[in-house]
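Here is a friendly briefing to read alongside the structure. Keep the view open and follow the strands and helices as they come up.

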Amino acid sequence: MIEKKSLICVTCPMGCRLDVSLDGGSVVAVEGEGCKRGLAYAQDEIKDPRRVLTTTVTIFDGIHPLLPVHTTAAVPMARIPELVAALRKVSVTAPVRVGDVVAADVLDSGIDVLASRDIQRR
């Protein structure tokens with residue numbers, strides 16, 4: 001039985017609405033893509049959806065209590081709750097510079113978590 005899913009492609013600013021046909025969880029057709037990246041996006045989004053995580057960690061002695069951070073690459077969506085729980089245990093001490101590694105190789109994924117802004121010491 002063919003299942004239909006609608007996605008909005010986020011790989012470029014066009015934001016194409018993709019109509020994806022699935023047979024047993026496998027992509028059999030994609031319609032609506034404005035470029036070839038849309039086809040790859042649909043296949044990846046169905047098989048292994050991933051997102052770049054942006055969140056905050058605690059910072060001591062900073063002018064703000066929280067430091068915004070982001071992952072260096074997209075993380076499997078199924079592992080995001082696990083990553084957020086791990087980052088709740090992370091804290092850093094000011095000063096911190098944008099791009100500083102806050103957590104290396106999170107969840108043994110090869111992905112680092114970086115500071116998203118400078119925070120000066122209080």
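In this predicted model, strands E9 and E10 pair in the antiparallel sense over 3 bridges. The two strands form a hairpin with 4 residues between them. The points below start from that hairpin and then work outwards.

**The E9-E10 hairpin**
- Within the pairing, Val-106 has Ile-111 of E10 as its bridge partner.
- Leu-107 sits in the turn and has a positive phi of about 55 degrees.
- Is E10 enclosed or open? Strand E10 covers residues 111-115, and 4 of these 5 residues are buried, so the strand is largely enclosed by the rest of the structure.

**The sheet of 5 strands**
- The hairpin strands belong to an open sheet of 5 strands, ordered E8-E5-E6-E10-E9, in which the pairing is mixed.
- At its edges are strand E8 (91-93) and strand E9 (101-106), each of which pairs on one side only.
- From one strand to the next, the twist averages 35 degrees.
- E10 also pairs with E6, in the antiparallel sense and over 3 bridges.
- Which residue of E10 is the bridge partner of His-70? That partner is Leu-114.
- E6 (residues 66-71) runs antiparallel to E5 (residues 54-60) as well, and 5 bridges join these two strands.
- His-70 turns up again here, since Thr-54 stands opposite His-70 in E6.
- As background, side chains in a regular strand alternate between the two faces of the sheet.

**The largest nonpolar core**
- The largest nonpolar core holds 20 residues, and those touching the most other members are Val-57, Ile-59, Leu-67, Leu-87, Val-102 and Val-113.
- Two or more residues of this core come from each of E5, E6, helix H2 (80-87), E9 and E10.
- What does Ile-59 touch, leaving aside residues up to four places away in sequence? Its contacts include His-64, Pro-65, Leu-66, Leu-67, Val-92, Thr-93, Ala-94, Val-96 and Ile-119.
- Another core, of 9 residues, lies apart from this one and has Val-20, Leu-22, Tyr-41 and Ala-42 among its members.
- As a general point, nonpolar side chains in soluble globular proteins tend to be buried together.

**The sheet of 3 strands**
- A further open sheet has 3 strands in the order E1-E2-E3, with antiparallel pairing.
- E1 and E3 are its edge strands, each pairing on one side only.
- The twist in this sheet averages 30 degrees from one strand to the next.
- E2 and E3 are joined in the antiparallel sense by 5 bridges.
- One of the residue pairs to look for is Ser-21 with its bridge partner Ala-29 in E3.

**Helix H1**
- Helix H1 has 12 residues (residues 36-47), which at 1.5 Å a residue should span 16 Å; its end C-alpha atoms are 17 Å apart, which agrees.
- Which residues of H1 are buried? They are Gly-38, Tyr-41, Ala-42 and Glu-45.
- These buried residues cover an arc of only 100 degrees around the axis, which puts them on the same side of H1.
- Lys-36 and Lys-47, on the other side of H1, are exposed.
- What covers the buried residues of H1? The cover includes strand E1 (2-8), strand E2 (17-23), strand E3 (26-31) and strand E4 (50-51).
- Two of the buried H1 residues, Tyr-41 and Ala-42, are also among the members of the core of 9 residues.

Key. Residues are numbered from 1 along each chain as its sequence is written. This is a predicted model: local features need pLDDT of at least 70, side-chain atom pairs count only at pLDDT 80 or more; totals for chains, interfaces and linings use all residues. Side-chain values use heavy atoms; hydrogens and water are left out. The expected span of a helix is 1.5 Å times one less than its number of residues. Buried means under 20% relative accessible area, exposed over 50%, partly exposed in between (1.4 Å probe, protein chains only). The arc is that of the directions from the helix axis to the C-beta atoms. Contact means heavy atoms within 4.5 Å. Two strands pair if DSSP finds at least two bridges between them. Axes are lines fitted to C-alpha atoms, for helices over the stretch in contact, and angles run from 0 to 180 degrees between N-to-C directions. A nonpolar core is a set of buried Ala, Val, Leu, Ile, Met, Phe, Trp, Tyr and Cys residues joined through side-chain atoms within 4.5 Å.
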